[in-house]
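Got your viewer open? Here's a short tour, stop by stop, with what to select and what you'll find there.

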Amino acid sequence: MGLTATLVVGLLVGCVAHADESEKRERQIGEAAAEREEFVSELVLFNVKQIALGELALERSQDPQVQKFAKQLVTDHRKNLGDLRAWADKEALEIAAVDLSGSPGEQGVGGSGSAGVQEGYEERMVDVDDDLDEDIGDAQRDLREVREKQGKEFDQAFLSRVIDDQREGQELVGDGLDDYRADSDFGLLLNRTGNLIYRNEERGRSVKEALD
């Protein structure tokens, strides 16, 4: 009887440990899903901000070089945003609908899966929503600062802002290539995004130098 009881206790302890490990893995899966949605939402925000900057320059700038660059910026980032949303739809991945015209609001999206996965996802999404709201607020502030300028000061502020943003975009894409290298389709999209960013940063620098 003593041996039997010992075996039963051992089995129960093993089952509890296995259950704890399984729950931990499920929570990690949920957290990873939330982090991927945060990364993709940051890419969406990046594209939306560049489109908004380009449209602002098309409305306000009188310089033909700036107008030409702004038009290309809007075209490139609209296409990239469309490609990103198409990829997300194929992956059944919900991403934030970023609006820079008003105040930051709740940008969170829904998750699915087992209880452990859902719990890990929802807990991580609290921080994701807060981070995204903060980044949206920063983007709105940047747009206001450019919008307040006039004439040549506007052109310089617009170009400087875009160049800085494109450099930050390169860093964002680099992080994505490191974290999601196993996803070949996403990797191709990120590589195209990186090339687009590089071209626009170089174009922006060229136009800015011509205006200096």
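Start by selecting K49: this lysine is buried, with a relative accessible area of 8% (buried means under 20%, exposed over 50% and partly exposed in between, using a 1.4 Å probe and protein chains only). Before you go on, bear in mind that the model is predicted, so local features need pLDDT of at least 70, side-chain atom pairs count only at pLDDT 80 or more, and totals for chains, interfaces and linings use all residues. Numbering runs from 1 along each chain as its sequence is written, and side-chain values use heavy atoms, with hydrogens and water left out.

Now add D142, buried at 6% relative accessibility. What do the side chains of K49 and D142 meet in? A salt bridge, 2.7 Å from N to O (the term covers a side-chain nitrogen of Lys or Arg within 4 Å of a carboxyl oxygen of Asp or Glu). K49 sits in helix α1 (residues 2-60) and D142 in helix α3 (residues 115-147), so this pair ties together parts that are 93 residues apart in sequence. Helices here are DSSP runs of H or I with at least four residues, strands are runs of E with at least two, and both are numbered from the N terminus.

Keep D142 and bring in R161. These two form a salt bridge as well, with the closest N and O atoms 3.7 Å apart. The pair links distant parts of the chain, 19 residues apart: R161 is in helix α4 (residues 151-179) and D142 in helix α3. R161 counts as buried at 17% relative accessibility. To see the whole network of salt bridges, select K49, D138, R141, D142, R161 and D165 together.

Next, slide along helix α3 to R147. R147 is partly exposed, at 40% relative accessibility. Leaving aside neighbours within four places in sequence, R147 is in contact with L56 and R60 (contact means heavy atoms within 4.5 Å). Try a C-alpha to C-alpha distance from R147 to L53: you'll get 9.0 Å in space for residues 94 apart in sequence.

Time for a helix pair. Two packed helices are described by the angle between their axes and the distance between the axes. Colour α2 (residues 64-90) and α5 (residues 184-211): they pack at about 170°, with axes 11 Å apart. Those axes are lines fitted to C-alpha atoms, for helices over the stretch in contact, and the angles run from 0 to 180 degrees between N-to-C directions. That angle makes α2 roughly antiparallel to α5 (over 145 degrees, whereas under 35 is roughly parallel, 65 to 115 roughly perpendicular and the rest oblique). For sticks, pick from the contact residues, including F69, L73, H77 and W87 of α2 and F186, L189, L196 and R203 of α5.

Stay on α5 for a local stop: E201 and R205, whose side chains meet in a salt bridge of 2.8 Å, N to O. They are 4 residues apart, so about one helical turn separates them. E201 is buried at 10% relative accessibility, while R205 is partly exposed at 32%.

Finally, zoom out. The protein chain has 5 helices and 0 strands, and the structure holds 14 salt bridges. Of its 212 residues, 40% count as buried. Among contacts between residues at least 6 apart in sequence, 79% join residues at least 24 apart.
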